[in-house]
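Visitor: I would like to go through this model with you, beginning with how far it can be trusted and then turning to the way its parts pack.

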Amino acid sequence: MVTGPVQQPSLVVRPRAGHPAEPDPAGHPAEPPPVGLPGESPSVGLPGEPRPAGLAGDVHALGRAVAAVTTAPRWRDEVLLRLRPVGQGFAEHVRVTEGPAGLYRELLTQSPRLHHGVRLLTREHAAIVAAILAVQRSAEQPETHPDELRHWAGHLLRRLARHRRRGANLLWEAYQTDLGGET
C-alpha cells in the first residue's frame, strides 16, 4: 500500500524557437515562448517535449555544455555559464534541506530511523560543493586541458546524479513504506 504524498519530477514545456505556442482550448492566445539565455543552443527533442526544470534542468544544460565540441568558440565560457545556475540551485537545495525548518529535520522528526541516510546526504553536500568549485577553477584556467575539465565536470555530474537518487530513495523510504497494520 502506498501512503503519503507522491512527488513527481518537475517538468516544464519549453517551446523550440520557431514553433509558436498553441492557444489553449478556450481559444485564449498563447503566451509568448520564454526567451533563452544569449548563446543558448536550441532545445533538443520534439517541439513541446517536456524538459526538466530547476536544478535538474540546470544539470542537464551543464552536461550538454560539457559534451559540446571543445573547439567550439567560447566552450569554457559556456561551461562556466551553465555551471553558475547549478551552483546556485544546489546552494538553494542545501538551504531547503538542511535549514532549521528544512526537509531533513522534518524527516527525522517523523522517521528517526532515517538518521543514517540524512547524515550521508548532508555529508555529500560538502563534497558536491567542493566538486562545483573544482569544475569552476578548472574552467577558469585556460591552460587546463579540455579532457581534465571534462573529467572534473563528469565527476560532478555523477555525484549530483548519485545524490539525487539517494535523496529520492530516502524520501521513498520515509513516505511510501508500508509499515503494515492495514488490510
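Guide: The model is a predicted one. It has a mean pLDDT of 78 over the protein, and 68% of the residues score at least 70.

Visitor: Among the elements of the protein, which has the highest mean pLDDT?

Guide: At the low end stands strand S1, residues 11-13, with a mean pLDDT of 40. The pLDDT is below 50 over residues 1-25, a stretch that nevertheless has 44 contacts in the model beyond near neighbours in sequence. Residues 27-46 also have a pLDDT below 50, with 20 contacts of that kind in the model. At the high end, with a mean of 96, is the element made of residues 115-140, helix H4.

Visitor: What pattern does the protein follow when read along the sequence?

Guide: The protein contains 5 helices and 2 strands. Of its 183 residues, 26% count as buried, and among contacts with a separation of 6 or more, residues 24 or more positions apart account for 73%. Read along the sequence, the elements give the pattern β-β-α-α-α-α-α.

Visitor: Are H1 and H2 roughly parallel or antiparallel to each other?

Guide: Two packed helices are described by the angle between their axes and the distance between the axes. For helix H1, residues 54-67, and H2, the axes are 9 Å apart and the angle is about 160°. Angles over 145 degrees count as roughly antiparallel, and H1 and H2 are therefore roughly antiparallel.

Visitor: How many nonpolar residues does the contact of H1 with H2 have?

Guide: H1 passes H2 in a left-handed crossing. On the H1 side the contact includes Leu55, Val59, Leu62 and Val66, and on the H2 side it includes Trp75, Val79, Leu83, Val86 and Phe90. By class, the contact has 3 charged residues, 2 polar residues and, as the number asked for, 12 nonpolar residues.

Visitor: Which way do H2 and H5 run with respect to each other, parallel or antiparallel?

Guide: The axes of helix H2, residues 75-98, and helix H5, residues 146-175, come within 13 Å and cross at roughly 25°. The crossing in which H2 passes H5 is left-handed. Angles under 35 degrees count as roughly parallel, and therefore H2 and H5 are roughly parallel.

Visitor: Which residues of H5 are met by residues of H2?

Guide: From H2, the residues taking part are Trp75, Arg76, Leu83, Val86, Phe90 and His93. By class, the contact of H2 with H5 has 8 nonpolar, 2 polar and 2 charged residues. The residues met in H5 are Pro146, Leu149, Arg150, Leu156, Leu160 and His163.

Visitor: Is His125 buried or exposed?

Guide: His125 lies in helix H4, and leaving out residues up to four places away in sequence, it touches Phe90, His93, Val94, Thr97, Glu98, Tyr104 and His163. The C-alpha atoms of His125 and Phe90 are 8.5 Å apart, although 35 residues separate the two in sequence. Because the relative accessible area of His125 is 3%, and under 20% means buried, His125 is buried.

Visitor: What is the relative accessible area of Ser138?

Guide: Ser138 also belongs to helix H4. Not counting residues up to four places away in sequence, Ser138 touches Arg76, Thr144, Glu148, Leu149 and Trp152. Ser138 is buried, and its relative accessible area is 6%.

Visitor: Where does Arg74 lie, given that its phi is a positive value?

Guide: Most residues other than glycine have a negative phi. Arg74, however, has a phi near 60°. Arg74 counts as exposed at 63% relative accessibility, and its place is the loop between H1 and H2.

Visitor: How far apart are the C-alpha atoms of His151 and Val66?

Guide: His151 is found in helix H5 and counts as partly exposed at 47% relative accessibility. Along the chain, His151 and Val66 are 85 residues apart, while their C-alpha atoms are separated by 9.7 Å.

Visitor: What is the distance in space, C-alpha to C-alpha, between Arg113 and Ala174?

Guide: Arg113 is found in the loop between helix H3, residues 103-110, and H4, and at 46% relative accessibility Arg113 counts as partly exposed. Arg113 and Ala174 are 61 residues apart in sequence, and their distance in space, C-alpha to C-alpha, is 9.0 Å.

How values were computed
Residues numbered from 1 in each chain as written. Predicted model: local features only at pLDDT ≥ 70, side-chain atom pairs only at ≥ 80, totals over all residues. Heavy atoms only, no water. Axes fitted to C-alpha atoms, helices over the stretch in contact; angles between N-to-C directions. Helix = DSSP H or I, 4+ residues; strand = E, 2+ residues; numbered from the N terminus. Parallel < 35°, antiparallel > 145°, perpendicular 65-115°, else oblique. Left-handed = near helix turned anticlockwise from the far one by under 90°. Contact = heavy atoms within 4.5 Å. Nonpolar A, V, L, I, M, F, W, Y, C, P; charged D, E, K, R; others polar. pLDDT = per-residue confidence, 0-100. Buried < 20%, exposed > 50% of the residue type's maximum accessible area, 1.4 Å probe, protein only.
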